[in-house]
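Trainee: I would like a close look at one part of this structure, a small sheet, and then an account of what surrounds it. Please take the pairing of its strands as the starting point.

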Amino acid sequence: MATCCNGSGPGYATPLEAKEKGPRETLLYVPAIIPDQSRPDYLATVDADPKSKTYSKVIHRLPVTHLGDELHHSGWNACSSCHGNSSKSRSLLILPSLKSGRIYAVDTVSDPRAPRLHKVVEPAAIQEKTGLGFLHTSHCLGNGDIVVSALGTPDGKAKGGFVVLDENLEVKGTWSGSEVEYGYDFWYQPAHDLLASTSWGAPAALFKGFNPAEVPTEYGDAVYIWSWEGRDLKQTIHLGQDGLIPLEIRFKHDPASRHGFIGAALSSNVIHLTKPPGGEEWVAKPVIKQPWTKVEGWALPEQPPLITDILISLDDKYLYFSNWLRGDIVQYDITDPEHPKLAGRVWVGGSIRRDGPVKVTEGLEELGLTEQPEIPTVQGHKLLGGPQMIQLSLDGKRLYVTNSLFSPWDKQFYPDLVEKGSYLLQIDVDDVNGGLSINHDFYVDFGAEPGGPVLAHEVRYPGGDCSSDIWL
């Protein structure tokens with residue numbers, strides 16, 4: 001399960017090979033966060049095999065070693081970027097901790113249904129060599145190294161940078177000698193000498209909860225362009241009002257592509273990042289603009305959709321993103337990346353639901369609605385919170401979604417979610433003509449966990465997926 005393709009390295013030779021030949025996912029790895037920090041966070045293993053008696057159930061829980069880590073995103077020790085190296089194996093799930101700055105490495109090969117802890121990289125070791133903390137995105141490199149993005153200094157000040165681990169999970173130092181004001185997500189396209197990173201905010205501000213008054217001083221609007229070969233900063237693109245708080249960044253999977261997309265959370269626009277043929281600099285502009293909705297009964301008179309995750313199908317045809325506050329998941333055809341076309345939408349929660357306290361006074365018609373959306377129940381469960389992390393099956397036919405963003409913000413915007421726990425849903429995808437619908441046969445209730453309700457975040461498969469693997 002860790003490797004494939006006739007004994008070569010991990011992953012697949014091309015994105016299309018992964019889509020066409022990759023097996024259906026049967027296991028999902030999902031971080032479960034304890035909101036009151038009374039016990040350690042854990043990695044939940046979910047059975048996704050419809051032929052199994054434990055389908056859509058948590059079948060294993062691996063607690064980490066400390067309290068209050070705030071597990072968040074994850075990556076692999078090796079992926080399709082080192083497919084050509086038969087000495088590499090996708091064997092360890094890398095789990096950076098957003099709050100503590102600790103990194104956990106989990107062995108998913110010895111027993112994929114019951115992962116075990118392999119190694120813990122302590123914050124002190126990371127801070128000693130990098131001066132960084134508040135860790136977020138993890139990507140494996142073709143040479144066996146692992147790069148993890150950081151949001152700031154250990155005392156909570158904003159500072160963007162990258163921690164590098166070697167294949168033995170020893171801290172090597174920082175990826176670049178350059179520093180930027182903010183950090184968050186990143187993607188790399190070596191064919192264009194590019195690593196691009198985004199900006200969230202100052203950790204000290206994030207953990208207090210979101211304060212709109214702090215956006216100008218504590219949050220970012222920039223995309224940073226780095227030289228992949230030189231490992232130095234080449235360009236800073238400030239997105240301004242169209243791109244406030246740019247979070248997730250994804251490029252088309254074709255390694256030769258020069259088309260990337262960024263979800264600007266607060267502005268709630270999708271930004272297209274590209275380098276025109278013959279051009280010297282990268283340019284960014286919004287290609288999907290989502291207006292804020294005028295409301296009553298909420299904290300502000302207007303509510304942003306709040307894009308919190310995006311991803312691209314392995315055939316580079318569809319872009320998906322989640323609107324955490326508004327409550328919908330959207331599918332766009334990006335065959336023409338500068339002119340995306342709406343292909344599908346499904347409502348799975350959010351704060352403008354028909355039975356909620358928020359009243360929409362203007363903006364429904366722009367969503368094709370005549371009244372506020374009615375959110376269905378799934379297996380008798382009310383869908384709390386809003387759609388957040390999304391992950392697509394290799395064949396592009398199933399989209400998994402969880403509803404926890406970040407525990408301090410969950411408490412602020414969706415207190416019922418914290419009290420009653422997360423869900424994990426499966427969305428059926430029409431990958432030919434476009435279209436999204438809820439699969440009512442699949443529902444994982446993280447409110448019914450043995451130790452009490454937990455918050456579920458990012459989804460990974462043992463064989464790789466649409467947001468962890470990068471091709472060279």
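Mentor: K294 stands opposite E302 in β21. This is a predicted model, and the pairing is read from its coordinates. Strand β20, residues 293-296, is joined to β21 by two bridges, and the two strands run antiparallel. They belong to an open sheet of three strands in the order β21-β20-β26, with antiparallel pairing. Because β21 (302-303) and β26 (359-362) each have a single partner strand, they stand at the edges, and one side of each is left without a neighbour in the sheet.

A second pairing can be set beside this one. Strand β12 is joined to β13 (residues 194-197) by four bridges, again in an antiparallel arrangement. The bridge partner of F186 in β13 is S197. The hairpin formed by β12 and β13 has four residues between the strands, and D193 takes a positive phi near 50° there. Both faces of β12 are covered: F186 and Y188 are buried on one side, W187 and Q189 on the other.

The loop that comes before β12 takes part in a side-chain contact. E179 forms a salt bridge with K159, with the closest N and O atoms 3.2 Å apart. K159 is in strand β10 (residues 158-165), while E179 is in the loop between β11 (171-174) and β12 (186-189), so the salt bridge ties together parts that are 20 residues apart in sequence. The two ends differ in cover: K159 is buried at 17% relative accessible area, whereas E179 counts as exposed at 54%.

Another pair links two strands. D328 and R345 form a salt bridge whose closest N and O atoms are 2.6 Å apart. Since D328 lies in β24 (residues 328-333) and R345 in β25 (residues 341-347), this pair ties together parts 17 residues apart in sequence. D328 is buried, with a relative accessible area of 0%, and R345 counts as partly exposed at 23%.

For R460 and D465, the side chains meet in a salt bridge of 2.9 Å, N to O. Both partners are under the 20% limit for buried residues: R460 has a relative accessible area of 3%, and D465 has 1%. Salt bridges that share partners also join D185, E248, R250 and D309 into one network. A search of the whole structure finds 27 salt bridges.

These parts sit in a protein with six helices and 31 strands. Its radius of gyration is 20 Å, close to the 23 Å that the globule rule gives for 472 residues, so the protein is as compact as a globular protein of that length. The C-alpha trace spans about 55 × 55 × 45 Å along its principal axes. Of the 472 residues, 63% count as buried. Among contacts between residues at least 6 apart in sequence, 58% join residues at least 24 apart. The protein exposes about 16,800 Å², and carbon and sulfur atoms supply 48% of that area.

To return to the part you asked about: in the order β21-β20-β26, the edge positions belong to β21 and β26, and K294 faces E302 across the pairing with β21.

Terms used: Residues numbered from 1 in each chain as written. Predicted model: local features only at pLDDT ≥ 70, side-chain atom pairs only at ≥ 80, totals over all residues. Heavy atoms only, no water. Pairing = 2+ DSSP bridges. Salt bridge = Lys/Arg side-chain N within 4 Å of Asp/Glu carboxyl O. Buried < 20%, exposed > 50% of the residue type's maximum accessible area, 1.4 Å probe, protein only. Rg over C-alpha atoms; globule rule 2.2 N^0.38 Å. Contact = heavy atoms within 4.5 Å. Areas by Shrake-Rupley, 256 points an atom, 1.4 Å probe, with all protein chains shown as cover.
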